[in-house]
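I opened my notebook to walk through this one a helix at a time. Here is what I looked up, in the order I went.

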Amino acid sequence: MRIFINFSPVAEASVNRTILTMGSLTKDCLSEHDRQVLESILNPSQIGGEEYLLQEEETHLVDPQDAEQENDSRVKESQRVEIEAIALANSGKHTEALELLGKSIEIAPQRPAPWNNRAQVYCLLGKEHEALQDIEEALKLSNRSGRTGCRALCQRGVLKRKNNDIDGARQDFELAAQLGSKFARTQLIELNPFAALCNQMLREVMKL
């Protein structure tokens, strides 16, 4: 089977090098980032947001609200409960995680992190409306900055992309990418029309 698509000479050479190289690669040769990109190519119906949830990315960022109040006993207790809730969510105990995240919010409602983490758990449960409400609160409290602001933008971008709001998703991913999110940069590549065409070619090649 052959695929005929008109590219510029430079673009065609780039695509051809990629296709030729793929024949000698296995997933073990790839970085985690590259494996995620390859998965998005081979499974285009999967946005990849679920894999992003609760992952430790943007570790170079901090939440100013926590840093400024690091000696506040309420903040410390809220963080402790939040960490316990994340562990529960990662083990599949989503209902228990929601309860603890609600408690974390009650202890220190000014912290954006538990709002965003609760939104993530809502996403895992398929409750997008509740998730979006918490994401908006996290964005307001974080002022769209810091670790939580970056993660909340990514999460909202995933939901917008899932609901076919491509322009809205791109805007959120662009803001998150400016804050240093690798996930957001990957999403922007996938939303690029040229990249989408290359992905289609590669999927066809992998079927041969």
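**Notes on α10 and its surroundings**

I began with packing: the buried residues of α10 lie against α9 (146–162) and α11 (182–191). This is a predicted model, so I kept an eye on confidence as I went.

Which residues of α10 are buried? I listed Gly168, Ala169, Asp172, Phe173, Ala176 and Ala177.

Next I checked the length of α10. It covers residues 166–178, and at 1.5 Å a residue its 13 residues should span 18 Å. I found the end C-alpha atoms 18 Å apart, so the span agrees with the expectation.

I then looked just past the helix. Gly180 follows α10, and its phi is positive, near 110°.

**Phe173 and the core**

I picked Phe173 for a closer look. Leaving out residues up to four places away in sequence, I noted that Phe173 touches Cys154, Gly157, Val158, Phe183, Ala184, Gln187, Leu188 and Leu191.

Phe173 turned up again in the largest nonpolar core, which has 31 residues. Along with Val121, Ala131, Ile135, Ala176 and Ala184, Phe173 touches the most other members. I wrote down which helices supply at least two residues each to this core: α5 (73–90), α6 (94–107), α7, α8 (128–142), α9, α10 and α11. Which helix gives the largest share? That is α9, with six residues.

**Two single residues**

I looked up Glu82, which sits in helix α5. Is Glu82 buried or exposed? Its relative accessibility is 7%, so Glu82 counts as buried. Not counting residues up to four places away in sequence, Glu82 touches Leu101, Ser104, Arg111, Ala113, Pro114 and Asn117.

Then I turned to Cys123, in helix α7 (residues 112–124). Cys123 has 19% relative accessibility, and the cut-off for buried is under 20%, so Cys123 counts as buried. I also took one distance: the C-alpha atoms of Cys123 and Leu159 are 8.8 Å apart, with their positions 36 residues apart along the chain.

**Confidence check**

I finished with pLDDT. The protein chain averages 76, and 59% of the residues score at least 70. Over residues 1–12 the pLDDT is below 50, and beyond near neighbours in sequence this stretch has 11 contacts in the model. Residues 37–54 also stay under 50, and for them the model has 36 contacts beyond four places in sequence. A reminder to myself: where pLDDT is low, the predicted coordinates should not be read in detail.

Methods
Residues numbered from 1 in each chain as written. Predicted model: local features only at pLDDT ≥ 70, side-chain atom pairs only at ≥ 80, totals over all residues. Heavy atoms only, no water. Helix = DSSP H or I, 4+ residues; strand = E, 2+ residues; numbered from the N terminus. Buried < 20%, exposed > 50% of the residue type's maximum accessible area, 1.4 Å probe, protein only. pLDDT = per-residue confidence, 0-100. Contact = heavy atoms within 4.5 Å. Expected span 1.5 Å × (residues − 1). Core = buried A, V, L, I, M, F, W, Y, C linked by side-chain atoms within 4.5 Å.
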